[in-house]
Every structure is written in structure tokens, then in C-alpha cells.
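Welcome, and please have your viewer ready. This tour moves from one selection to the next, with a short note on what to look for at each stop.

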Amino acid sequence: MAKSKSTPGVKKEEKDAKSVNTKAGNRNVTEDSEMTEENVINEPGSKDLYQNELTAERDKYLRLAAEYDNFRKRSAKEREKTYTDARADVIGKLLPVYDNLERALKMECSDESYYKGVELIMTQLTDMLDSLGVKAIPAAGQPFDPNLHNAVMSIENPDLGENMVAEEIQKGFTLGDRVIRFSTVVVTK
């Protein structure tokens, strides 16, 4: 009986043909059996593997959805802040016009129609500022608040008490919670 010589390379190829690497682990398969997806799914431990993959993909999806939602909210806040900043900037540039009209109304005028015209312009400007949500900061007779008032001078006035606004030099304004311009005031000691 003659021994057939087999080369080591042939044995290795035969062994590789019979061994199939699956996600569940290495498993020997005969050449006759077919490797189908159903066989792999029914293999012990493969359902847990697929369930873990599904859970991981679901987690990725939920994280992505949450990240997008946060981005959307952050973008909306930035747009709102930009709009409010632009509005406050434009209103701040209109305030010197308000100051000049206020000074003009305090001056004596012999021409009644001229005075009435300035008064109408001032009314129109204050109505516009009100419609935009701009409010004047109350000052005279109020307690001094460094968050709203800018003190430029202090005087003694026993009638008002200590740390009260005695006089308003320039009117201040707010837009919502934001101070557009501080009231310039004289404070009692």
C-alpha cells in the first residue's frame, strides 16, 4: 500500500475550505452544507449580536437627532440675539433725535404752529418707540439704581432722603430687559 504523499499546502487549503468564519465565531461546515443568512441568524449567540448592533445604531440615531435639535435651538437663539442687538443699535442711534426734540419742546416759542409741529413729531417718535417695546427708565424721585442710572453729581437734599435721584439730566431707555441707554442723574447724599 502506497502512501500518498500530501503536501502541507494542500491540507491547509482543504482545512480552509471546511472552516467558515462567522460573526458568532469559527465553525466547521462540510462542503455539502450551504451557508445562508438564515443559518447564520439561527446560530447560537447571533441574535444577541444583531440586537447589540441594532441598539448601537439606534443610539447613534438618537444622539444625532438630539445634536440636530440642540443645533436648531442654538441657531434660533443666535438669530434672536442678533435681531435684538440690531434693533437696540438702531434705537440707540435714534435717541439723540429724541433728546433734541425734547429740548426743543422745553424752549419757549412764539410761533404756535411750529411748536405744534415739533410736538407732533415727538408724539410720533414716542409712539414708534413704544411699538418697538422701548420704555423710558423712571428716574426723578426714585431710589438710585446703578443698573439703570448713571450718577454724574451728588447733592444734599434733606427732603428726598439719602441715595435718591434728585434730577434727571438725560432720559434712559430699556428694550425688554436690556438697557439701551442709562439715565444720567443727580443723586442725593
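**Stop 1: the long view of helix α3**

Start by selecting Ser46, Ser75, Ala88, Ile91, Leu95, Tyr98, Asp99, Leu101 and Leu105: these are the buried residues of α3. Keep in mind that you are looking at a predicted model.

Now show the whole helix, residues 46–106, and put a distance between its end C-alpha atoms. You should read 89 Å, which agrees with the 90 Å expected for 61 residues at 1.5 Å a residue.

Where does α3 bend? Go to Leu94, where the bend is about 30°. Then look just past Leu94 for a proline: Pro96 follows within four residues.

While the helix is on screen, one general point helps with reading its faces. An α-helix has 3.6 residues a turn, so residues three or four places apart point the same way.

**Stop 2: the whole protein**

Zoom out and colour by secondary structure. The protein has four helices and eight strands, and along the sequence they run α-β-β-α-α-α-β-β-β-β-β-β. If you colour by burial instead, 19% of the 189 residues count as buried.

**Stop 3: an aromatic pair**

Next, select the aromatic rings. How many aromatic pairs are there? The count comes to one. Its partners are Tyr98 and Phe173, set edge-to-face with 5.1 Å centre to centre and 85° between the planes. The pair links distant parts of the chain, with Tyr98 in helix α3 and Phe173 in strand β6 (residues 173–175), 75 residues apart.

Are these two rings' residues buried or exposed? Tyr98 has a relative accessibility of 8% and counts as buried, because the cut-off for buried is under 20%. Phe173, at 4%, counts as buried too.

**Stop 4: the largest pocket**

Now select Asp99, Glu102, Arg103, Lys106, Glu168, Ile169, Gln170 and Lys171, the residues that line the largest pocket. Its volume is about 160 Å³.

Which element gives the largest share of the lining? That is α3, with four residues. Both α3 and β5 (165–170) supply at least two residues each. Colour the lining by residue class and you will find six charged residues, one polar and one nonpolar. Asp99 deserves a second click here: this pocket-lining residue is also among the buried residues of α3.

**Stop 5: a positive phi**

Move to the loop between β4 (149–155) and β5, where Asn163 sits. Check its backbone: Asn163 is not a glycine, yet its phi is positive, at about 60°. With a relative accessibility of 39%, Asn163 counts as partly exposed.

**Stop 6: three distances across the chain**

For the last stop, put C-alpha to C-alpha distances on three pairs of residues.

- Begin in the loop between β3 (134–136) and β4, which holds Ala140. Ala140 is exposed, with a relative accessible area of 54%. Draw the distance to Val185, and you get 8.0 Å for two residues 45 apart in sequence.
- Continue to strand β7 (residues 178–181) and pick Arg178. Arg178 is partly exposed at 36% relative accessible area. The C-alpha atom of Val134 is 9.7 Å from that of Arg178, and 44 residues separate them along the chain.
- Finish on strand β4 with Met153, which is partly exposed at 48% relative accessible area. The distance from Met153 to Lys189 is 9.8 Å, C-alpha to C-alpha, with their positions 36 residues apart in sequence.

Definitions and conventions: Residues are numbered from 1 along each chain as its sequence is written. This is a predicted model: local features need pLDDT of at least 70, side-chain atom pairs count only at pLDDT 80 or more; totals for chains, interfaces and linings use all residues. Side-chain values use heavy atoms; hydrogens and water are left out. The expected span of a helix is 1.5 Å times one less than its number of residues. The bend at a residue is the angle between axes fitted to the seven residues ending there and the seven starting there. Buried means under 20% relative accessible area, exposed over 50%, partly exposed in between (1.4 Å probe, protein chains only). Rings of Phe, Tyr and Trp (its six-membered ring) pair if their centres lie within 6.5 Å; planes under 30 degrees apart count as stacked, over 60 as edge-to-face and the rest as tilted. On a 1 Å grid over the protein atoms alone, a cavity is a set of points where a 1.4 Å probe fits but cannot get out, and a pocket is an open set with protein on both sides within 12 Å along at least five of seven lines; lining residues have an atom within 4 Å of a point. Grid points are joined across faces, edges and corners, and a volume is the space filled by probe spheres set on the points. Ala, Val, Leu, Ile, Met, Phe, Trp, Tyr, Cys and Pro count as nonpolar, Asp, Glu, Lys and Arg as charged, and the others, Gly among them, as polar.
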